[in-house]
Amino acid sequence: MKNDSKERYGSVSKIFHWLMAVLIGWQLFKFGDRIAEGEHWVGETLVPWHVSIGTLLLILIVMRLAWVMIQRHQRPAQEPATAKLVKAGHGLLFAGMLLMPLTGMMVMLGGGYGMTAFDLEVFAKGEEIAWAATLGSLHSPLAWALTVLIIGHISMALIHHFVQRDDTLKRML
């Protein structure tokens, strides 16, 4: 497995990126619950995995952040004119990816529902916890904000590839 370099991202970074992209895309199907009260194939087949996939994503984002820190001096350089914007955008994406599963856990804990991921009990059912429910109430607005950030991220990658015709997207493929 290759490390990152000044020219392109290594295989570990690419695996983290694309695996998480697929899993986050799956998570976004949860918005389908808002259609017909979730009584359709998306709500019945993909959404039941929401908590388990969210738990997996929490583990992956922690691992990915550790990998980013290890590779921070070897990663491809950004253009000086936009480097601060790129760093801010990626920082917001990482914050959103970390906060989503944490606030999701707070929904479950705060509501006293307990939490099971991949048939393993993470939290037992118990009393409602007001502070956790309050933090958990941020889960849905954060989901919308993260969705906007993801759309912006994809849009910028496509602009780099098709309009600016540079190697930004190729570095991650």
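These exercises work through one predicted model, each with a solution in steps.

Local features need pLDDT of at least 70, side-chain atom pairs count only at pLDDT 80 or more, and totals for chains, interfaces and linings use all residues. Residues are numbered from 1 along each chain as its sequence is written, and side-chain values use heavy atoms, with hydrogens and water left out.

**Exercise 1. The whole chain**

Find how many helices and strands the chain has, and give their pattern.

Solution.
- Step 1: Take the elements from DSSP runs: helices are H or I with at least four residues, strands are E with at least two, numbered from the N terminus.
- Step 2: Count them. There are six helices and two strands.
- Step 3: Read along the sequence. The pattern is α-α-α-α-β-β-α-α.
- Step 4: Add the extent. The C-alpha trace spans about 50 × 35 × 30 Å along its principal axes.
- Step 5: Look at contacts (heavy atoms within 4.5 Å). Of those with a separation of 6 or more, 68% join residues 24 or more positions apart.

**Exercise 2. Two packed helices**

Describe how α3 and α4 pack.

Solution.
- Step 1: Recall the description. Two packed helices are described by the angle between their axes and the distance between the axes.
- Step 2: Set up the axes. They are lines fitted to C-alpha atoms, for helices over the stretch in contact, and angles run from 0 to 180 degrees between N-to-C directions.
- Step 3: Read the values. Helix α3 (residues 50–71) and helix α4 (residues 83–110) pack at about 145°, with axes 9 Å apart.
- Step 4: List the partners. Residues of α3 including L58, I61 and L65 take part, and those of α4 include F94, M97 and L98.
- Step 5: Sort by class. The contact has eleven nonpolar, one polar and one charged residues. Here Ala, Val, Leu, Ile, Met, Phe, Trp, Tyr, Cys and Pro count as nonpolar, Asp, Glu, Lys and Arg as charged, and the others, Gly among them, as polar.

**Exercise 3. The core**

Find which elements build the largest nonpolar core.

Solution.
- Step 1: Define it. A nonpolar core is a set of buried Ala, Val, Leu, Ile, Met, Phe, Trp, Tyr and Cys residues joined through side-chain atoms within 4.5 Å. Buried means under 20% relative accessible area, exposed over 50%, partly exposed in between (1.4 Å probe, protein chains only).
- Step 2: Count. The largest core has 21 residues; M20, I24, L57, I61 and M97 have the most contacts inside it.
- Step 3: Name the sources. α1 (11–28), α3, α4 and α6 each give two or more residues. The largest share, seven residues, comes from α3.
- Step 4: Zoom in on M97. Beyond four places in sequence, M97 touches M20, I24, I61, R64 and L146.

**Exercise 4. Three residues**

Decide whether F118, D119 and D166 are buried, partly exposed or exposed.

Solution.
- Step 1: F118 sits in the loop between β1 (115–117) and β2 (120–123). F118 is partly exposed because its relative accessibility is 39%. Its phi is near 50°, positive in a residue other than glycine.
- Step 2: D119 lies in the loop between β1 and β2. At 78% relative accessibility, D119 is therefore exposed. Phi of D119 is near 65°, a positive value.
- Step 3: D166 follows α6 (139–163). D166 is at 18%, so it counts as buried.
- Step 4: Find the neighbours of D166. Beyond four places in sequence, D166 is in contact with E79, H160 and H161.
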